[in-house]
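Visitor: Could you pick a single part of this one and take me through it up close? A bit of context first would be great.

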Amino acid sequence: MKVAILGYGTVGSGVGEIITNGETADVKTLCLAHILERKENLHLHPLMCDDIQTILQDDSVEVVVETLGGIEPAHTFIIAALSAGKHVVSANKAVIAVYLKEFQECAQAHGVKFLYEASCGGGIPWLHGLANAKRIDEIEEIHGIFNGTSNYILDHMAKEHQPFDVILRKAQDLGYAERDPGADIDGIDIQNKLKISSALAFDCDIPETIPTFGIRNISKEDIEYAASQHQKIKLMAEAVRNNDHFYAIVEPQLIDEGNMEASINENLNLTCLYGATIGPLMFYGQGAGKLPTANAIVQDIIDIQNQCSSAVFTPKVKMTYDTALIQRSYIIRATLKEADMKAILGDDLKQCFAFKGKIYYQTAKISAYWMHDKMKDILTQDKEAFMMGLRGVNA
Ligand SMILES: NC(=O)c1ccc[n+]([C@@H]2O[C@H](COP(=O)([O-])OP(=O)(O)OC[C@H]3O[C@@H](n4cnc5c(N)ncnc54)[C@H](OP(=O)(O)O)[C@@H]3O)[C@@H](O)[C@H]2O)c1
């Protein structure tokens, strides 16, 4: 089966390496035909071209791997490849979180597949696990740690007793965080993965909005407060379904040390689902990286080759957002006076306490939607305020 790769950066070159050097019978049936790259890079590999038409017009190419990243030209190239009757495998969560429905409809119309395992959880077979679980169970909940960079930062702030900025720079030097770390530390990368995972888990269209609060404002004191309570702070994704009602959020949460999620260290990921007969099911591993992510892409290509069932679905359920589905107590660090905090949170403000010179507020059990909304008001008065949901047994 001949394969073309669009974009030969970290992940694309990993796919090239596995296809070229792979020793298993499945991989040996694959053959690299073209690599789309920028004009200035064409000297780097004999198969490189800079015109998508070279790939689209080569009838021997059956699979196009999209590892360009970003929205355009990725969106246009994916549609063009599917329309030309080629299967497409993509790792690009940003474009999939917006255009999944269009890609699936286009693939169906042209009798080909659009697969995207690598877009959520890198090398972890998470979407395959979800698709399998869903054949028997209605998935009631998905949650987990879907971003290795933010997990590395939280883990190392706790281990090294260093502030956010210092550990972020270390993560950048190690290549875990990008020079512009916004997508990782503001939860956008997780939000995209949660949108894609929710659509598959709940058989619905991609959710339009998911309230998201990242770790940009986290302080050493927040980490130390968590440790004093025998808890860890993790940047969590969470989506809950009740029949045709649904809600999802991305936020930092305080998790009791004995819980599985609290034990996820370094840049590793843990993705979890809950189904009626299977109960809780957890997937742990490298959520990113050149070869783990490329591995997931090549798995999709082999599935296409072997005509296996996969994470292809038709949205069937029209979901209604239900803000009551996710409720918990929150702890907020803010410089606001108690009266100002009371003016924002009303009777849901339960207590105020000091820790290592910082002021913290705790709320009653409230809807996550409401807290995320109120946090916008708090940030207008203290742009460095931070909030964390209580996920532990004390919640
Ligand atoms: N890295 C990971 O661990 C990981 C994990 C899971 C999913 N992903 C996803 O995989 C995708 C690729 O990520 P990556 O880390 O491999 O990115 P990357 O290293 O930046 O690679 C992208 C490559 O595509 C090239 N490219 C971009 N636009 C192009 C265009 N219009 N024409 C020709 N070439 C173009 C880039 O060239 P320039 O550098 O010159 O722009 C670069 O060589 C992203 O969607 C990412 O979210 C990555």
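Guide: Sure, context first: among contacts in the chain with a separation of 6 or more, 74% link residues 24 or more positions apart, a contact being two C-beta atoms, placed from the backbone, within 7 Å. Bear in mind that this is a predicted model, where local features need pLDDT of at least 70, side-chain atom pairs count only at pLDDT 80 or more, and totals for chains, interfaces and linings use all residues. Numbering runs from 1 along each chain as its sequence is written.

The chain has 14 helices and 18 strands, which are DSSP runs numbered from the N terminus (H or I, at least four residues, for helices; E, at least two, for strands). Its radius of gyration is 22 Å, close to the 21 Å of the globule rule for 395 residues, so the chain is as compact as a globular protein of that length. That radius is taken over C-alpha atoms, and the rule is 2.2 Å times the number of residues to the power 0.38. Buried residues make up 47% of the 395. Here buried means 20 or more other C-beta atoms within 10 Å of a residue's own, exposed means 12 or fewer, and partly exposed is in between, with C-beta atoms placed from the backbone.

Now the close-up: strand β8, residues 231–242. 11 of its 12 residues are buried, so β8 is largely enclosed by the rest of the structure. Strand β7 (residues 139–145) pairs with β8 in the antiparallel sense over four bridges, pairing here requiring at least two DSSP bridges. In that pairing, I142 stands opposite A239 of β8. β8 also pairs with strand β9 (residues 245–256), again antiparallel, over 12 bridges. One place to look is Q231, whose bridge partner in β9 is D256. The hairpin of β8 and β9 has two residues between the strands, and N243 there takes a positive phi near 55°.

If backbone torsions are your thing, there are others to check. D203 has phi near 55°, positive in a residue other than glycine. D203 belongs to the loop between α10 (188–202) and α11 (220–228) and is partly exposed, with 17 other C-beta atoms within 10 Å. K356, with phi near 45°, is in the loop between β15 (349–355) and β16 (358–363); K356 is exposed, with 12 other C-beta atoms within 10 Å. Lastly, E72 and P73 are joined by a cis peptide bond, omega about 10°, and P73 is in the loop between β4 (61–66) and α4 (74–83).
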